[in-house]
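Work through the exercises below with the sequence and the structure open. Try each task before reading its solution.

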Amino acid sequence: QDPDALMAPPSAAHWCGTDSFGQDLLSRVIFGTRYVFLIGFSSVAIGAVGGLTIGLAAGLTHGAVEWGLMRFVDAILALPSLIMAIAFISILGPGIDKVIYAVGFAMIGPFARTVRADVLQVRAQAFVEAAGLMGVDRLRIIWRHILPNVIFPLAVQATIRIAEAILVSSALSFLGLGVVPAAPDWGLMISEGRAFISIVPWISGVPGAALALLLISLS
């Protein structure tokens, strides 16, 4: 923090300028990358594991169990990820760990839908039916034949959802519901620069450009 360089424009000393507290924006953006990837990867991991579990259970069962699991998934999908995350943050409170849990729970629905559809397709294949007729244990069929055929589509889905998780977490921080100050979270940095956007555009512009570039690259 440099009190003599409050809201300084980009220069040789501060390549991307400084914010209203005299903090170097480039350093904060670089340091804030760890929060972006921590939240993005951790929340998607939670959503993928939860979706895999529910999707497998729904795809391999019938009747009331399948109906109940899919109605639970429908309830998650009924609301956008951001609204669902806001609801959880309002209960759990702000903080990095709370953001991870909230965004991860909001991601369970899409993963569960994908896994269930793949399980239904693989379960109808001849090699799965043949294994069952040969008396192979049900858990062994799931582990050796069904799970390997659904895990790779799930991995592809996860790489797509990382960008969404990062965007939702940044939106939460922008609204003041995510990472607490003075952590260098990109969404929080964009929010802090709103009051000066007309006179000092680089305070919000630098983290905003970094966020946009990352989301485009991931997509």
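**Exercise 1: Around W186**

Task: Find which residues W186 touches, not counting residues up to four places away in sequence.

Solution. W186 touches V29, G32, T33, V36, P207, A210, L211 and L214 when residues up to four places away in sequence are not counted. Contact here means heavy atoms within 4.5 Å. The model is a predicted one, where local features need pLDDT of at least 70 and side-chain atom pairs count only at pLDDT 80 or more, while totals for chains, interfaces and linings use all residues. Residues are numbered from 1 along each chain as its sequence is written, and side-chain values use heavy atoms, with hydrogens and water left out.

**Exercise 2: The nonpolar cores**

Task: Describe the largest nonpolar core and say which element gives the most to this core.

Solution. Begin with the term: a nonpolar core is a set of buried Ala, Val, Leu, Ile, Met, Phe, Trp, Tyr and Cys residues joined through side-chain atoms within 4.5 Å. Buried means under 20% relative accessible area, exposed means over 50%, and partly exposed lies in between (1.4 Å probe, protein chains only).

Next, the members. The largest core has 47 residues, and L56, V103, I146 and W186 have the most contacts inside it. Two or more residues of this core come from each of α1 (25-60), α3 (81-92), α4 (96-106), α5 (108-123), α6 (126-133), α7, α8 (186-192) and α9 (202-218). Helix α7 gives the most, with 13 residues. A second, separate core has ten residues, among them A58, M84, F105 and I108.

**Exercise 3: Three residues compared**

Task: Are S170, T18 and L82 buried, exposed or partly exposed?

Solution. Take the residues one at a time.

- S170 is in helix α7, residues 138-174. Its relative accessible area is 6%, so S170 is buried. Beyond its neighbours within four places in sequence, S170 is in contact with G187 and L211. W186 is 16 residues away from S170 along the chain, and their C-alpha atoms are separated by 6.5 Å.
- T18 lies in the segment before α1. T18 counts as buried because its relative accessibility is 0%. Leaving aside neighbours within four places in sequence, its contacts include A5, L6, M7, A8, W202 and I203.
- L82 belongs to helix α3. With a relative accessible area of 28%, L82 is partly exposed. Not counting residues up to four places away in sequence, L82 touches V168, A171 and L172. From L82 to H145 the C-alpha distance is 36 Å, with their positions 63 residues apart in sequence.

**Exercise 4: The whole chain**

Task: How many helices and strands does the chain have, and why is it called more spread out than a compact globule?

Solution. First count the elements: there are nine helices and zero strands. Helices (H or I, at least four residues) and strands (E, at least two) are DSSP runs, numbered from the N terminus.

Then compare the radius of gyration, taken over C-alpha atoms, with the globule rule, 2.2 Å times the number of residues to the power 0.38. The chain has a radius of 22 Å, well over the 17 Å that the rule gives for 219 residues, so it is more spread out than a compact globule. The C-alpha trace spans about 80 × 35 × 25 Å along its principal axes.

Finally, look at packing. Of the 219 residues, 45% count as buried. Among contacts with a separation of 6 or more, 65% join residues 24 or more positions apart.
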